[in-house]
Amino acid sequence: MLNRTMDQLTSLRLEKKYRIEQFFLDRNRDIDLICNTAEIKQIIQNRGVVHSNSDEDRLKSDFTYLNNYISSFGYYQRMFLANGDSVIYCLNPVQSEAVDSCTDHPVLTELLVQLSTESHPSGKTLLKDITKSNPVILTGKPVTDHMGNTIGSVILEIPIAAINTIMTDYSEQN
């Protein structure tokens, strides 16, 4: 009976490990897709500058599309768009539009800028775990133009609740 219990626990551990790895691979694919959209590149390059009503309508449409995308599965709390070393927009799925004042906490702003500048040289997706007072995970990736030059970064905030859901997995079968 003891061996059977150990085998079940080992199996459960391996299943949870696989699901967490798959979760982060999926988030990596998401941020790759987001960084390669024309909307993101346009917003970062123009810094959301509006010259006409059609520009404003297009910008609102882009933000609505991005908000719908990041809220569709519930894995992301907020998305930050950074231009160089400053965060220019924050998209929150519960809000209909992006806001310029991105963060309510200066430590988060500093970490977002740090993540943005660290991801630029490597071109790879980076993860940061903020566990002191606000348990979230930040994942960021640089955005490049058609010539391969880095023009900014996309940073996604993943709440710890998404990880906890995988780890606890309360269902009738378990």
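Okay, let's start at Asn 46, which sits in helix H2. Bear in mind that what you're looking at is a predicted model. Is Asn 46 buried or exposed? Neither, really: its relative accessibility is 32%, so it goes down as partly exposed. I also like where this residue ends up relative to Asn 83: the two are 37 residues apart in sequence, yet their C-alphas are 9.8 Å apart in space.

Let me zoom out for a second. We've got 5 helices and 5 strands in the protein chain. Going from the N terminus, the order is α-α-α-β-β-α-β-β-β-α. The chain has 174 residues, and 36% of them are buried. If you take contacts between residues at least 6 apart in sequence, 54% of those link residues at least 24 apart. As for the outside, the accessible surface is about 10,500 Å², with 52% of that belonging to carbon and sulfur atoms.

Now, the inside. The largest nonpolar core has 26 residues, and the ones touching the most other members are Ile 40, Met 79, Leu 81, Leu 91 and Val 154. Plenty of elements chip in with two or more residues, including helix H2 (38-46), helix H3 (53-71), strand E1 (78-83) and strand E5 (150-159). Which one gives the most? That's H1, with 5 residues.

Take Met 79 out of that group and look at who's around it. Skipping neighbours within four places in sequence, Met 79 is in contact with Ile 34, Leu 66 and Ile 70, then Tyr 89, Cys 90 and Leu 91, and finally Val 154, Ile 155 and Leu 156.

On to strand E4, residues 136-144. Why call E4 largely enclosed by the rest of the structure? Because 8 of its 9 residues are buried, and buried here means under 20% relative accessible area. E4 runs antiparallel to E5, and 9 bridges join the two. If you want a spot to click on, Ile 137 stands opposite Ile 158 in E5. The two strands make a hairpin with 5 residues between them, and in the turn you'll find Gly 148 with a positive phi of about 90°.

Last stop, back out on the surface. Leu 2, Met 6, Leu 9 and Leu 12 together make a nonpolar patch of about 420 Å². Leu 12 belongs to helix H1, and at 46% relative accessibility it counts as partly exposed. H1 is also the helix that gives the most to the core, so keep both in view when you rotate the model.

Note on methods:
Residues are numbered from 1 along each chain as its sequence is written. This is a predicted model: local features need pLDDT of at least 70, side-chain atom pairs count only at pLDDT 80 or more; totals for chains, interfaces and linings use all residues. Side-chain values use heavy atoms; hydrogens and water are left out. A nonpolar core is a set of buried Ala, Val, Leu, Ile, Met, Phe, Trp, Tyr and Cys residues joined through side-chain atoms within 4.5 Å. Buried means under 20% relative accessible area, exposed over 50%, partly exposed in between (1.4 Å probe, protein chains only). Helices (H or I, at least four residues) and strands (E, at least two) are DSSP runs, numbered from the N terminus. Contact means heavy atoms within 4.5 Å. Two strands pair if DSSP finds at least two bridges between them. Patches are made of residues with over 30% relative accessible area and no salt bridge: like charges are joined within 9 Å, nonpolar side chains (Val, Leu, Ile, Met, Phe, Trp, Tyr) within 5 Å. Accessible areas come from the Shrake-Rupley method with a 1.4 Å probe; for residues, only the protein chains shown count as cover. A salt bridge is a side-chain nitrogen of Lys or Arg within 4 Å of a carboxyl oxygen of Asp or Glu.
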